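Would you like a guided walk through this structure? Keep the view below open and follow along as we go from place to place.

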Amino acid sequence: MRDAFAYCAELVRTADRDRFLSALFAPAECRAALHALYAFNVEVARVREVAREPLPGEIRLQWWSEVVNGERAEEAAANPVASALLAVIERHRLAVPALTALLDARRFDLYDDAMARLADLEAYARKTSSTLFAFAAQILAGAEAEATDAVATSAGIAYAIAGLIRAFPLHAARRQLYVPLELIERQGVEPQDIFAGRSSKNLRAALAELQAIARRHLFAAHQQIATLPDAALPAFLPVALVRPSLDRLARRDPFAPAELSPWRRQWLIWRAARNPARIAG
């Protein structure tokens with residue numbers, strides 16, 4: 001089992017550096033559980049890239065759903081991420097229905113259907129990103145984690161939207177549209193123009209509207225940060241990247257977003273760890 005957790009730590013270190021760095025500020029006895037949770041997220045978030053086609057992706061997500069529901073025990077024991085995750089589910093009593101809902105939401109990633117409404121995008125973010133923050137807080141704070149639910153919801157939506165705007169060129173290239181149709185239609189933007197990589201003032205206006213929604217959720221999280229138990233704070237450190245990311249994205253062409261440099265990302269996480277008010281500030 002130790003090898004399984006070590007595998008998870010290495011996977012997170014290479015594939016989700018921000019959460020790996022944030023976990024360094026958690027108590028040593030909690031890091032392995034966080035690594036297992038985050039490694040699971042890496043695995044299911046990249047199903048489209050690994051599977052390449054919807055049907056193999058559906059099979060992968062169904063396999064994970066059966067694993068978290070206690071099926072496929074032998075296969076799960078042979079998979080380091082699955083075996084570590086199951087140990088964490090049992091030890092920290094993570095809610096299996098929420099994990100199943102996360103996996104169901106990830107099925108959207110496999111197809112080229114457009115996100116129709118803002119409400120659909122926010123529901124997707126709640127079931128994926130917000131759930132991850134909530135589970136991380138539960139691992140760290142135990143029974144006190146109930147006080148973190150509202151923060152996890154707002155922070156998760158803001159974090160997810162910022163990430164999706166940053167990934168906008170990648171999604172457009174493969175004809176995926178996470179920006180809700182109701183936003184782009186209101187601005188008079190045609191999906192085919194997006195898929196062709198054509199920028200415009202109207203497209204920038206639609207993305208600006210989406211950025212404003214992310215900032216609204218970030219502000220809600222900021223107002224609630226002071227209510228978090230101290231033990232849960234490391235779970236939310238990645239949120240410190242949202243505002244700087246949105247600021248940078250707002251200044252760039254949608255098809256040429258600029259990433260925050262690795263050293264700045266590390267500094268923002270470190271600064272938030274020293275001053276929790278900066279997590280969503």
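## A walk through the model

Let us begin at E75, which is partly exposed, with a relative accessible area of 40%. Keep in mind from here on that this is a predicted model. The side chain of E75 does not stand alone: together with R72 it forms a salt bridge, at 3.0 Å from N to O. R72 is also partly exposed, and its relative accessible area is 34%.

Such contacts make a good theme for the first part of the tour. Side chains of opposite charge can pair when their charged atoms come close. How many salt bridges does a search of the whole structure find? It finds 17. Let us visit a few more.

Look next at helix α1, residues 2-15, where E10 and R13 sit three residues apart, which means that about one helical turn separates them. Their side chains meet in a salt bridge of 2.6 Å, again from N to O. E10 is partly exposed, with 38% relative accessible area, and R13 is also counted as partly exposed, at 34%.

Now compare the setting of another pair, D109 and R106. Their side chains are joined by a salt bridge, with 2.9 Å between N and O. Are these two residues buried or exposed? Both D109 and R106 are buried.

Salt bridges can also be found in a linked group here: D18, R166, E259 and R265 belong to one network. Please remember D18, R166 and R265, as they will come back when we turn to the enclosed spaces.

Those spaces are our next stop. The model holds three cavities of 30 Å³ or more, and the largest cavity contains about 60 Å³ of space. Which residues line the largest cavity? They are D18, Y159, A162, G163, R166, L241, V242, S245 and R265. Two elements give two or more residues to this lining, namely α10 (149-166) and α15 (242-250). The largest share comes from α10, with four residues. By character, the lining of the largest cavity has four nonpolar, two polar and three charged residues. D18, R166 and R265, members of the salt-bridge network, are thus among the residues that line the largest cavity.

From the cavities we move on to the pockets. The volume of the largest pocket is about 840 Å³. Its lining has 29 residues, and those nearest the centre of the pocket are N41, A45, R106, G163 and R166. You have met some of these names already: R106 is the salt-bridge partner of D109, while G163 and R166 also line the largest cavity. Several helices help to build the largest pocket, since α2 (17-23), α3 (28-45), α4 (47-51), α9 (118-141), α10 and α11 (168-173) each provide at least two lining residues. Once more α10 gives the largest share, here five residues. The lining of the largest pocket is made up of eleven nonpolar, five polar and 13 charged residues.

The second largest pocket has a volume of about 240 Å³. It is lined by 13 residues, and A134, F135, Q138, A145 and D149 are the ones nearest its centre. Both α9 and α10 supply at least two residues to this lining. Which element gives the largest share of it? That is α9, with six residues. In the second largest pocket the lining divides into five nonpolar, five polar and three charged residues.

Next, turn to the surface and find L24, F25, W263, W267 and W270. These residues form a nonpolar patch with about 580 Å² of accessible area together. One of them, W270, belongs to helix α16, residues 262-274. W270 counts as partly exposed, at 42% relative accessibility.

We finish with the backbone. Most residues other than glycine have a negative phi, and most peptide bonds are trans. R52 is not a glycine, yet it has a positive phi of about 70°. You can find R52 in the loop between α4 and α5 (54-68), and at 68% relative accessibility it counts as exposed. R93 likewise has a positive phi, near 55°. The loop that holds R93 runs between α7 (80-92) and α8 (96-106). R93 is exposed too, with a relative accessible area of 73%.

Definitions and conventions:
Residues numbered from 1 in each chain as written. Predicted model: local features only at pLDDT ≥ 70, side-chain atom pairs only at ≥ 80, totals over all residues. Heavy atoms only, no water. 1 Å grid on protein atoms, 1.4 Å probe; cavity = no way out; pocket = protein on both sides within 12 Å on 5 of 7 lines; lining within 4 Å. Points joined across faces, edges and corners; volume = space filled by probe spheres on them. Nonpolar A, V, L, I, M, F, W, Y, C, P; charged D, E, K, R; others polar. Patch = residues over 30% accessible without salt bridge, like charges linked within 9 Å, V, L, I, M, F, W, Y side chains within 5 Å. Areas by Shrake-Rupley, 256 points an atom, 1.4 Å probe, with all protein chains shown as cover. Salt bridge = Lys/Arg side-chain N within 4 Å of Asp/Glu carboxyl O. Buried < 20%, exposed > 50% of the residue type's maximum accessible area, 1.4 Å probe, protein only.
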